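Hi,

Here is the structure I promised to pass along. Have a look, and my notes are underneath.

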Protein chains: 2
Amino acid sequence: MRDVTTARTPTRNRGNRRTEILAAAATLFAARGFHGVSIEDIGGAVGVSGPALYRHFSGKEALLAELLLDVSSRLRESAVAAVTSPGSPEDTLDALLNVQITFALEQPALITVHDRELGNVPEPARRQIRRLQRLYVEEWVTVLAELHPACPPPRLRAATHAMFGLLNSTPHSAGELRPEAMRPLLRAMARAAIASIATIG
Amino acid sequence: MRDVTTARTPTRNRGNRRTEILAAAATLFAARGFHGVSIEDIGGAVGVSGPALYRHFSGKEALLAELLLDVSSRLRESAVAAVTSPGSPEDTLDALLNVQITFALEQPALITVHDRELGNVPEPARRQIRRLQRLYVEEWVTVLAELHPACPPPRLRAATHAMFGLLNSTPHSAGELRPEAMRPLLRAMARAAIASIATIG
DNA sequence: GAGCGATGTTAGTCATCATTAACGTAATCG
DNA sequence: CGATTACGTTAATGATGACTAACATCGCTC
């Protein structure tokens with residue numbers, strides 16, 4: 001009389017604990033910074049204590065690396081999907097906005113860690129994360145370039161970063177507004193901000 | 001035959017070293033986070049080594065506290081000046097934008113530390129910094145409320161934070177654009193973003 | 001039902017680090 | 001001059017923290 005519905009892989013709940021740890025670490029890193037969080041803290045947050053983490057990760061830095069690698073590849077994947085789906089440049093921009101806004105609203109901790117802690121990732125992984133981040137930005141720049149052909153790329157890049165700053169402000173205004181109200185606000189502000197870059201220079 | 005031109009206070013270069021330390025600490029904290037920087041690092045950055053800092057500050061946390069207290073009071077002071085000077089709400093908004101943009105462009109390290117490290121400031125000072133930050137935000141909200149009377153305050157507050165995010169993106173787009181080009185871009189994007197908040201809801 | 005792999009536990013170990021102690025030195029001031 | 005003050009220096013000291021070792025346990029598979 002065993003429960004067969006939970007389709008267990010060869011090794012039972014394999015991966016749950018791992019995922020749990022990643023989530024807890026993201027929250028803690030976002031709140032106190034990589035060096036402000038101890039292995040003990042992370043373990044404690046998931047109900048195991050300390051060195052248990054080494055059964056799942058080779059070390060603290062590896063944990064961070066996996067976190068950032070995961071975020072940056074998911075972001076890039078979603079961006080590629082948005083860009084390759086058919087539609088006008090305006091449609092594509094809207095799709096990109098949705099990607100970033102959804103991420104910012106649903107995973108504020110990951111977003112925070114993603115743009116603060118790259119410096120603590122050891123070298124092999126760091127390069128790859130940087131590459132993914134760069135590719136993500138370039139998806140945006142490409143679309144913006146279609147909408148504003150007269151705008152030089154450096155300005156487009158700066159504008160893109162400014163927009164990320166705007167959208168990623170969600171951790172700061174946590175609690176001010178419900179997500180359902182935050183989403184249209186961010187979308188409107190970001191759209192307007194982008195539209196404005198044609199009006200200067 | 002002494003040099004009298006350098007108007008020395010009772011104690012020679014008093015305060016130079018102190019200021020130098022604060023500046024170095026800001027840069028390091030911005031780059032690696034409070035816990036990622038050692039007292040030795042900060043000392044090294046100004047050419048003295050380690051425990052010399054205790055001649056100027058009571059400890060690492062006190063150093064951070066002074067940094068944040070200084071930033072938040074300067075921001076608030078400038079905001080008050082902008083708000084109390086005569087002019088239309090639009091003029092006042094422009095003045096506020098100039099305050100924040102100038103700060104973001106000229107002191108990116110301080111801006112970065114200012115919105116990341118509050119959690120590491122010990123309690124007496126933390127409350128005061130929070131208070132100053134809140135007051136700063138309220139200056140913005142008050143002006144925005146005049147421009148958008150129909151907009152509920154929580155939305156104004158969220159929009160204000162989003163705009164700070166936009167303007168404070170300068171550390172991320174460092175090098176993309178020269179400050180002379182960055183300033184009008186940020187101003188245009190921020191103005192447009194703010195104008196857009198009336199168009200929803 | 002013995003062996004094994006996955007997963008934890010607790011008790012080291014070894015660095016790093018904030019902070020303090022003990023001790024110069026040079027300039028200022030009486 | 002002689003003392004005090006401002007500033008530094010190099011050794012402790014005491015915590016904390018990442019990581020390792022040695023030792024369970026438990027669910028499976030054979």
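Below is what turned up, starting with the DNA and ending with one residue in chain B. Keep in mind that this is a predicted model.

**DNA strand C**

There are 18 residues around DNA strand C, and the ones that come nearest are Arg17(A), Arg55(A), His56(A), Ile39(B) and Tyr54(B). On the DNA side, sugar and phosphate make up 57% of the strand C atoms that come within 4 Å of the protein. Sorted by class, the surface near the strand has seven nonpolar, seven charged and four polar residues.

A few polar contacts to look at in your viewer:

- Arg17(A): an N or O atom in its side chain sits 2.5 Å from a phosphate oxygen of DNA strand C.
- Val37(B): here a backbone N or O atom is involved, 3.3 Å from a phosphate oxygen of the strand.
- Arg55(B): a side-chain N or O atom is 3.5 Å from a base nitrogen of DNA strand C.

**Thr160(B)**

Now for the protein itself: is Thr160(B) buried or exposed? It counts as buried because its relative accessible area is 0%, and the cut-off is under 20%. Thr160(B) belongs to helix H7 of chain B, which covers residues 153-167. Where does its side chain reach? To the backbone oxygen of Leu156(B), at 2.8 Å. Setting aside neighbours within four places in sequence, Thr160(B) is in contact with Val137(B), Trp140(B), Val141(B) and Leu144(B).

Cheers

Definitions and conventions
Residues numbered from 1 in each chain as written. Chains lettered and ligands numbered in written order. Predicted model: local features only at pLDDT ≥ 70, side-chain atom pairs only at ≥ 80, totals over all residues. Heavy atoms only, no water. Near = heavy atom within 4 Å. Polar contact = N/O pair within 3.5 Å; in protein donor to acceptor, adjacent residues only side chain to side chain. Nonpolar A, V, L, I, M, F, W, Y, C, P; charged D, E, K, R; others polar. Helix = DSSP H or I, 4+ residues; strand = E, 2+ residues; numbered from the N terminus. Buried < 20%, exposed > 50% of the residue type's maximum accessible area, 1.4 Å probe, protein only. Contact = heavy atoms within 4.5 Å.
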